[in-house]
Amino acid sequence: MTDLLIRDGRVVTQDDQRTVIEDGAVAVEDGRIVAVGPTEELVPASDADEVIDASGCAVIPGLVNPHTHVSDILLRGSFAEDRGLLDWLYNVKRPGTLAMAPEEHETAAMLYCIEAIRAGVTTFVENDTEVVWDDWATIEAKLDAYERAGIRNVYGAGMVDRPADDEFQRLVTDVQAREDDVDHPPIDAFVEATDDVVAAVDSLIETYHGTADGRQAVWPAPVVVETTTNQGFREAYELAEKHDVMTTAHVAEAEAQEQRSISSIEYLRNVGYLGERTLLGHCVQLSTSDVRLLERTDTAVAHNYMANMRLATGYAPVRTMLESGVTVGLGTDNSILSDTVNPLGDVRAMAGGHKGYHRDAGVVPAQTAFDMITIDAARAIGRGESLGSLAVGKQADIAIVDMDHPHLTPAPDPVFALVHAAQGFEVETVVCAGEVVMRDRDIRSFDESVDDVLARASATAADLVSRTGYE
């Protein structure tokens, strides 16, 4: 017996032929898709426990966010816009997130998941770059919230094993001088010996990877080139091989930080970090030869358009990457830079922005852009065989988008409308692993009401901002 049948919708399959079924249906059993086709064919063959009428809606794969940060969502709107990367990182993000107690991280995680679910996200990769490894309480508080949320998460366990050199410490001191009243954590607060941090991540993977009925995953995540040793990168990749997972790092986000005689991409090639298990975030400051290295090593990229625009770090060479065959997914990055957890909002800005930057209206067409938040994002995180499209045998991760809105009318091409007109709030139902997580905008997964979570998040954020010294 079919567990769930979604019927009468415009099914945007994202299969190899990018098939759109105008009056289509999707049947789900035991958490996987067992049939996709015309409604008139599937309805007689399905005796479903639950039926969802998707009339007037687009039925799409659950969106995949390949690069994001969670805890700093509580700092949203609490600082001036006029900040570069280091100013924002050392005067805002790090002081705020390090001051948070485990229960505050849990509140942030719940708020994040509510926003993500309502935007149609069923999988996200969190890059936790501020990990203090002597106590797992913060990590466990967030992982517990993710499990209860009912969607998939990858926890990128931040690895820092190289202290800042004297020159960089002086630079950070000068940057922090802008905010003398802020309680700045020591610059080496997250540094661990290589063997210690590798052992900690190994243990975390052993403990939590594959939990929550397979929805929870853990990856080794060296934070940036400047804070990771050669050995740290090598052992992170070896951990990924050992546990059959991936690894991720922030790379080439700010040219001023990464100037050296060889590029960051060449360096990562030299130390053995590039490869099919690697996902690199940002990749803004790349040369054409860097892009060739990514393609030759089958290294994927998470493009974080809105965050790079907010910090004015520049345009990633996405056109060159795509033309070269590099797999590129679109991430929302920090929820205090994007400023939302909303791939449908970011994809619209990204597709239009690259057209304008290159003065070429053919750059990043709508289908390519939609691929970057569905099937290509799934491939970028190593899940292309199980996520990112609606096909028999794949995980039943599905979003239903109400297209019956003035700004989505008419919509002869649903993909074009989703990329260039949808804003995210039109998502009305979300299914993950065959379970209905949200229906008619009502999130079912948390015991606590959305209003209560929002109220607690606002109160927690105000207290955090006050005691950190932003006010």
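**View 1. The surroundings of T129, a loop residue between β7 (121-128) and α4 (137-149).** Setting aside neighbours within four places in sequence, T129 is in contact (heavy atoms within 4.5 Å) with H69, K93, R94, V223 and H250. Its relative accessibility is 8%, so T129 counts as buried; the cut-offs are under 20% relative accessible area for buried, over 50% for exposed, and partly exposed in between, with a 1.4 Å probe and protein chains only. The side chains of T129 and E130 also share a polar contact of 2.9 Å. A polar contact here is a pair of N or O atoms within 3.5 Å; within protein, one must be able to donate a hydrogen and the other to accept it, and residues adjacent in sequence count only if both atoms are side-chain atoms. Before going on, note that this is a predicted model, where local features need pLDDT of at least 70 and side-chain atom pairs count only at pLDDT 80 or more, while totals for chains, interfaces and linings use all residues. Residues are numbered from 1 along each chain as its sequence is written, and side-chain values use heavy atoms, with hydrogens and water left out.

**View 2. Strand β9 (residues 216-222), mostly covered.** Seven of the seven residues in β9 are buried. Helices (H or I, at least four residues) and strands (E, at least two) are DSSP runs, numbered from the N terminus. In a regular strand the side chains alternate between the two faces of the sheet. Both faces of β9 are covered: Q216, V218, P220 and P222 sit on one side, with A217, W219 and A221 on the other, and all are buried. Strand β8 (residues 152-159) runs parallel to β9 and is joined to it by seven bridges; two strands pair if DSSP finds at least two bridges between them. Look for A157, whose bridge partner in β9 is P220.

**View 3. An open, parallel sheet of four strands, β10-β11-β12-β13.** The edges belong to β10 (247-251) and β13 (328-330); each has a single partner strand, so one side of each is left without a neighbour in the sheet. Neighbouring strands of this sheet are turned by 25° against each other on average, direction ignored. Axes are lines fitted to C-alpha atoms, for helices over the stretch in contact, and angles run from 0 to 180 degrees between N-to-C directions. Zoom in on β12 (residues 300-303) and you'll find it paired with β13 in the parallel sense over three bridges. H303 has L330 of β13 as its bridge partner.

**View 4. The largest nonpolar core, with 122 residues.** A nonpolar core is a set of buried Ala, Val, Leu, Ile, Met, Phe, Trp, Tyr and Cys residues joined through side-chain atoms within 4.5 Å. W133 and L268 touch the most other members of this core. Helix α3 (residues 102-118) gives the most to the core, nine residues. As for L268, residues up to four places away in sequence aside, it touches V225, F233, V251, Y273, L274 and L280. There's also a second, separate core of 17 residues, with L4, V26, I33 and I52 among them.

**View 5. Helix α2 (residues 85-98) crossing helix α5 (residues 166-176).** Their axes come within 9 Å and cross at roughly 75°. That makes α2 roughly perpendicular to α5, on a scale where angles under 35 degrees count as roughly parallel, over 145 as roughly antiparallel, 65 to 115 as roughly perpendicular and the rest as oblique. From α2, the contact is made by L86, D87, Y90 and N91, and from α5 by F168, L171, V172, V175 and Q176.

**View 6. Backbone oddments: two cis peptide bonds and two positive phi values.** The bond from S338 to D339 is cis, with omega near 15°, and D339 lies in the loop between β14 (333-334) and α12 (343-358). The other cis bond joins T409 and P410, with omega about -5°; P410 is in the loop between β15 (398-402) and α15 (414-420). D213, not a glycine, has a positive phi near 55° and counts as exposed at 80% relative accessibility. D244 is not a glycine either, and its phi is positive at about 55°; at 57% relative accessibility, D244 counts as exposed.
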